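Good morning, and thank you for joining this group meeting. I would ask you to look at the sequence and the model before I begin.

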Amino acid sequence: MYESMMEHFERFGLVLNDRIVRTPVAIASMSGVVDAGYVRAREQHIGAAFIGGYSLDAPAGSRG
């Protein structure tokens, strides 16, 4: 596994929190419910995920 991660580092040169990032693709929660399950379902295709935060607008169901 170490050799594999070094290949990723040599290719992209990305390190986040002292970890080599496998791919320069990141996802982030923007609306709705996005949790660890959302990230884990996509983990083979992403290099980083940013989840959490607070919604400041009204819930989608209350608009109208």
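**Thr23 and its surroundings**

I begin with one residue, Thr23, which is buried, because its relative accessible area of 19% falls under the 20% limit. Please keep in mind throughout that this is a predicted model. Thr23 sits in the loop between β2 and β3, the latter covering residues 26-28. What is Thr23 in contact with, leaving aside its neighbours within four places in sequence? The partners are Phe12, His45, Ile46 and Gly47.

Let me now place that residue in the whole chain. The protein chain has 64 residues, of which 12% count as buried. Two helices and four strands are present, and along the sequence they follow the pattern α-β-β-β-α-β. The chain exposes about 5600 Å², and carbon and sulfur atoms supply 53% of that area. As for contacts with a separation of 6 or more, 12% of them join residues 24 or more positions apart.

I turn next to the largest pocket. It holds about 490 Å³ of space. Sixteen is the number of residues that line it, and the closest to its centre are Arg19, Ile20, Arg22, Gly47 and Ala48. Which elements give two or more residues to this lining? They are β2 (19-20), α2 (36-40) and β4 (48-50). Gly47, which we met as a contact of Thr23, is thus named again among the residues closest to the pocket centre.

Two of the arginines in that group deserve a further word. Arg19 lies in strand β2. Is Arg19 buried or exposed? Arg19 counts as exposed, because its relative accessibility of 64% is over the 50% limit. The C-alpha atoms of Arg19 and Met5 are 9.3 Å apart in space, while the two residues are 14 apart in sequence.

For Arg22, the residue to consider is Glu7. Glu7 belongs to helix α1, which spans residues 2-12. From C-alpha to C-alpha, Glu7 and Arg22 are separated by 8.7 Å, and their positions lie 15 residues apart in the count along the chain. Glu7 is exposed, with a relative accessible area of 55%.

Now to the loop between β1 and β2. Asn17 is found there, following β1 at residues 15-16, and Asp18 lies in that loop as well. What is the sign of phi in Asn17, a residue other than glycine? The value is positive, near 55 degrees. Asp18, which is not a glycine either, has a positive phi of about 65 degrees. Asn17 is exposed at a relative accessible area of 70%, and Asp18 is exposed at 78%.

I close with the aromatic side chains. How many aromatic pairs does a search of the whole structure find? The search finds zero. There is, however, a charge placed over a ring: Arg42 lies over the face of Tyr38, at 3.8 Å from the ring centre.

To review, we started from Thr23, a buried residue in the loop between β2 and β3. We then considered the largest pocket, with about 490 Å³ of space, and the exposed residues Arg19 and Glu7. We ended with Arg42 over the face of Tyr38. Thank you for your attention.

Note on methods. Residues numbered from 1 in each chain as written. Predicted model: local features only at pLDDT ≥ 70, side-chain atom pairs only at ≥ 80, totals over all residues. Heavy atoms only, no water. Buried < 20%, exposed > 50% of the residue type's maximum accessible area, 1.4 Å probe, protein only. Contact = heavy atoms within 4.5 Å. Areas by Shrake-Rupley, 256 points an atom, 1.4 Å probe, with all protein chains shown as cover. Phe/Tyr/Trp six-rings, centres within 6.5 Å; stacked < 30°, edge-to-face > 60°. Lys NZ or Arg CZ within 6 Å of the ring centre and 35° of its normal. 1 Å grid on protein atoms, 1.4 Å probe; cavity = no way out; pocket = protein on both sides within 12 Å on 5 of 7 lines; lining within 4 Å. Points joined across faces, edges and corners; volume = space filled by probe spheres on them.
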